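Dear colleague,

Please find below the structure I am handing over to you. My notes on what was found in it follow directly after.

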Amino acid sequence: MSPISPSPHGQSPLRTVQVLGGGNAGSSAHVRSLAAGLVARGVRVTVCAPAEADHAYGFTATGADHVHVPRSSDPASVAALRAACTDADLVHAHGLHASFRAVLALSGRTTPLVVTWHNHAYAEGARAHLVRLLERRVVKAAAVVLGTSSDLVDRARRTGARDARLAAVGLPGRRPAPGPEDPERPRPKLHAELGSTGRPLLVAVGSLDRHRGYGVLLDASRTWRRLDPPPLLVIAGEGPLRTHLQGRIEREELPVRLLGRRGDVGELLAAADLALLPGGREARSVLAQEALHARVPLVAVDAAGIRELVGDAAELVPEADEAALAAAVVRLLGDPVRCEELRDNGVRQRATWPTEDETVAQVLSVYDELTQPRPLA
């Protein structure tokens, strides 16, 4: 573990506020990991996030303080955030909307603001114009913008960031994956529970939102249901599209099950034959990382952040191309040699990813840079 940069004698510990919207699993898990690492290094951490995010991710269990701040940018929420940031040496906001709230809360103050972009902001029509305005406002106010993928860094620079840097995020709480002969590998039990005994199991994970590509995934499932035996696709997650997707599954008799929220995603992946990632909004997809750690062959959309993350350790297909997605699934199910090659490539690829400790150390170096006294010229 890297020690915190030494402080001058008698100087109080660095005080940071982490601002989180609470709506994204990847950024929430990162803030939990970051809080734990910073507290362990002697940094005082306050996490400003909705109460339900603290219940789900346990920020206070890391030794951090938690202040309930709703996801809204209404005056009451901004006032609560402003009060929480009063004594902060530095504020670090995660995601576009949390960052915008932080900009409003810090108005008129000189407290350094660090912003991390974890995902591509998704919007259409008039809302897309609003997102661009918010992005410009945020990057101009931020001392440093950290992007979790190179394309996010490039976007921040094009938008007007004065200092944008790559800061790949380590996968929080990763555990060694069970090997194919490991008696703890939960395949038989889960296959029986899911109704996939004797047939391949395909797993997708993520909120049931439009940008996740689940419509394309259901389209593709029409092709592989003709296989013998037909694979079963299970989708773990909840969201506004559930009723629409369930209606399609029933009307078209698709070999798909919606599982809702699951607390055993690691076990689902360990039991899977393939993992599927049909949407590319998430720059450092947690599912993609978990799949490579679990040695599960991955079929993913060919988006810039995903390509940078997985390298040659996945079958990449064009976005919104159900034929290519279906063909990749059918091909891998019939090609155990290629599946093993992807598993081996995954071992090498994940060795290039930063650890949690390295992620915390990089962030802390940015904090030190922005808060340490500079010598007089």
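Helix 1 (residues 25–40) lies across strand 1 (15–20), strand 2 (44–49) and strand 4. Relative to strand 1, helix 1 runs at about 170 degrees. Please note that this is a predicted model.

Helix 1 also meets helix 15 (residues 356–371), and the axes of the two come within 9 Å, crossing at roughly 75 degrees. An angle from 65 to 115 degrees counts as roughly perpendicular, and helix 1 and helix 15 are therefore roughly perpendicular to each other. On the side of helix 1, the contact is made by His-30, Ser-33, Leu-34, Gly-37 and Leu-38. Helix 15 contributes Glu-356, Thr-359, Val-360, Val-363, Leu-364 and Tyr-367.

The strands named above belong to the sheet, which I describe next. This open sheet has seven strands in the order 3-2-1-4-5-6-7, and their pairing is parallel. Strand 3 (65–68) and strand 7 (164–166) stand at the edges with a single partner strand each, so one side of each has no neighbour in the sheet. From one strand to the next, the twist averages 20 degrees. Within the sheet, strand 4 (residues 90–94) and strand 5 (residues 113–117) run parallel and are joined by four bridges. His-92 stands opposite Val-114 of strand 5.

Helix 6 (residues 150–159) has Asp-151, Leu-152, Val-153, Ala-156 and Thr-159 as buried residues. These buried residues pack against strand 5, strand 6 (144–147) and strand 7, as well as against helix 5 (126–141) and helix 12 (304–310). After helix 6 comes Gly-160, with a positive phi near 120 degrees.

Two individual residues may also interest you. The one is Arg-101, which is found in helix 4 (residues 96–105). Arg-101 is buried yet has no salt bridge. Asp-74, the nearest side chain of opposite charge, is 8.5 Å away from Arg-101. Leaving aside neighbours within four places in sequence, the residues in contact with Arg-101 are Leu-20, Gly-21, Pro-70, Arg-71, Ser-72, Ser-73 and Leu-81.

The other is Ala-126, which is found in helix 5. Is Ala-126 buried or exposed? The relative accessible area of Ala-126 is 67%, and exposed means over 50%, so Ala-126 is exposed. The C-alpha atom of Ala-126 is separated by 42 Å from that of Gly-63, and the two residues are 63 residues apart along the chain.

With kind regards

Key: Residues numbered from 1 in each chain as written. Predicted model: local features only at pLDDT ≥ 70, side-chain atom pairs only at ≥ 80, totals over all residues. Heavy atoms only, no water. Buried < 20%, exposed > 50% of the residue type's maximum accessible area, 1.4 Å probe, protein only. Lys, Arg positive; Asp, Glu negative; His and termini not counted. Salt bridge = Lys/Arg side-chain N within 4 Å of Asp/Glu carboxyl O. Contact = heavy atoms within 4.5 Å. Pairing = 2+ DSSP bridges. Axes fitted to C-alpha atoms, helices over the stretch in contact; angles between N-to-C directions. Parallel < 35°, antiparallel > 145°, perpendicular 65-115°, else oblique.
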